[in-house]
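Please work through the following exercises on backbone geometry. Each task is followed by a solution in steps.

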Amino acid sequence: MLIRKKPDVVASEITPREVYENRREFLKLAGFGLAAGAAVATGLLSTRVEAAEVKHGRKIDHFSKTRYGAEEKLTPYQDVTTYNTFYEFGTSKSDPSYNADSLKTRPWTVSIEGDVKKPKTISIEELYKIAPLEERIYRMRCVEGWSMVIPWVGLPLSKLINWAEPTANAKYVEFISLADPMQMPGVRVPILDWPYVEGLRMDEAMNPLTILAVGLYGEVLPNQNGAPLRLVVPWKYGFKGAKSIVKIRFTDKMPQTAWMKAAPDEYGFYANVNPQVDHPRWSQATERRIGGGLFTPRIKTQMFNGYAEQVAQLYTGMDLRKNF
Amino acid sequence: MPSKKQIAWIKAGLFIAALIPLARLFWLGFRDDLGANPVQFVEHQTGLWALIILLVTLSMTPIRLLTGMAWQIQLRRMMGLFMYFYACLHFTTYIWLDHWFAWSEITKDIAKHPYVLVGFTAFVLTTPLAITSNRAAMLRLGPNWKRLHSLVYLIGILAVLHFLWLVKKDIREPLIYALILALLLGIRLYYRKPGNKSQQAVPKAQLNQQR
């Protein structure tokens, strides 16, 4: 017997061809829109603003105030600790403040090597005791064209050099930073030839302005600023200030620094702040002081970053255009 | 192909989407949240969005070549004008917020530094394209319109170079944009080869699409 089954779909419910085709078209469009939206969203995310919440560090108990930079207006702590160039933690300015938590700064030792009476190792605790800690308010001029005023806490490098007892052979000091891919995600990327290396001529290193900083704003150095100790040479571009130093080596040859190796025509050994000698790609005549608002104009860059009186004699007779 | 009404909606949505980056800058500025170096942030953001929108503009034809879908060409002029809009904001930030109309400093900067020069050139070259983007100019220029507007390829290359040469060392981000540009131009070149489906985009057809 033939059983007549009722059709599943009533004719009146069949979607007309134009309508469903239109629907498909619409779905395609929706997909398009979604993709575009996602692209915009990722674009916005990848360009997030530099504003990590920064925890304050432990206060440093004993340090004396000095007259250095007493008249300067300090760059806010928030800016000093969230706008950093520390490629070991990423190349964007905000990366270090987000990523540097993974750095372990205790225990920490620095090995003293090369042309010294006897190679030795010094712990960060011992280093604190080599000389009384002082606060130095210094201008810092970055080679990229911005600057800050930072109240460092540290000791003159000369004190450590005297303690290290270099031999008469030592003409230069080399500073080598930690390069541990486990603690420093940026080191896994070959942006620079790791470890980061910097150097000074002996007389530059002995100049009273040159310090090893262990803190800023009266607190232990935040990791993103180069904890537990970093070099500060205020009349040179900021990149001379090696961070998270693990090795100090005395040598008779001019050290090949990380930036000299990366771009020898752009970064020299001396890297003195000099408004008359431009970076090959941009001007060094002016700088933007961090901490100003959207409508604060640039300021003029000063010769030797304004420290000419104390350091110009180090370079008498040298062609600073050639020795950039 | 979406209906006329749908296209109008898409255009409206795109118009609003293209204003999001600018609205965000105002919002962040209003909350004093532009970061430690606000001038540079605004300068970089406006430049970046000019480049991104330029790449979107340049992707309309490759989408047609790959899928045969052509209606999106109708969005191209609006996108191109938005690119010019962000380029204007970028240039204004440079001469105003960054250099405070120090003209001698600015001219020296443009003449002396290749990355500034290529960026400036890209901006200057975009200006006639923006001016002649209307229908009347298309009609008046005839076949020359297309010739003039093929400058956009050069502008794309200059814009990517501008970004590449500005970066200190880590060129990964500008390289991504360079690769996208290479891909978009590469697709065009591939379809231009004889034997492949060639350019059907004669000026007349374009006029119709550009309505």
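The exercises below concern unusual backbone angles and where they are found.

This is a predicted model, in which local features need pLDDT of at least 70, side-chain atom pairs count only at pLDDT 80 or more, and totals for chains, interfaces and linings use all residues. Residues are numbered from 1 along each chain as its sequence is written, while chains are lettered from A and ligands numbered from 1 in the order in which they are written.

**Exercise 1.** Determine whether the peptide bond from Arg106(A) to Pro107(A) is cis or trans, and locate Pro107(A).

Step 1. Most peptide bonds are trans.
Step 2. From Arg106(A) to Pro107(A), omega is near -10°, and the bond is cis.
Step 3. Pro107(A) belongs to the loop between helix 3 (95-99) and strand 1 (109-114) of chain A. Helices (H or I, at least four residues) and strands (E, at least two) are DSSP runs, numbered from the N terminus.

**Exercise 2.** Describe the peptide bond from Trp194(A) to Pro195(A).

Step 1. This bond is cis, with omega near -5°.
Step 2. Pro195(A) lies in the loop that runs between strand 5 (172-177) and strand 6 (197-201) of chain A.

**Exercise 3.** State the sign of phi for Tyr217(A), and decide whether Tyr217(A) is buried or exposed.

Step 1. Most residues other than glycine have a negative phi.
Step 2. Tyr217(A), which is not glycine, has a positive phi near 50°.
Step 3. Tyr217(A) sits in the loop between strand 7 (211-216) and strand 8 (219-220) of chain A.
Step 4. A residue is buried if 20 or more other C-beta atoms lie within 10 Å of its own, exposed if 12 or fewer, and partly exposed in between, with C-beta atoms placed from the backbone. Tyr217(A) is buried because 20 other C-beta atoms lie within 10 Å.
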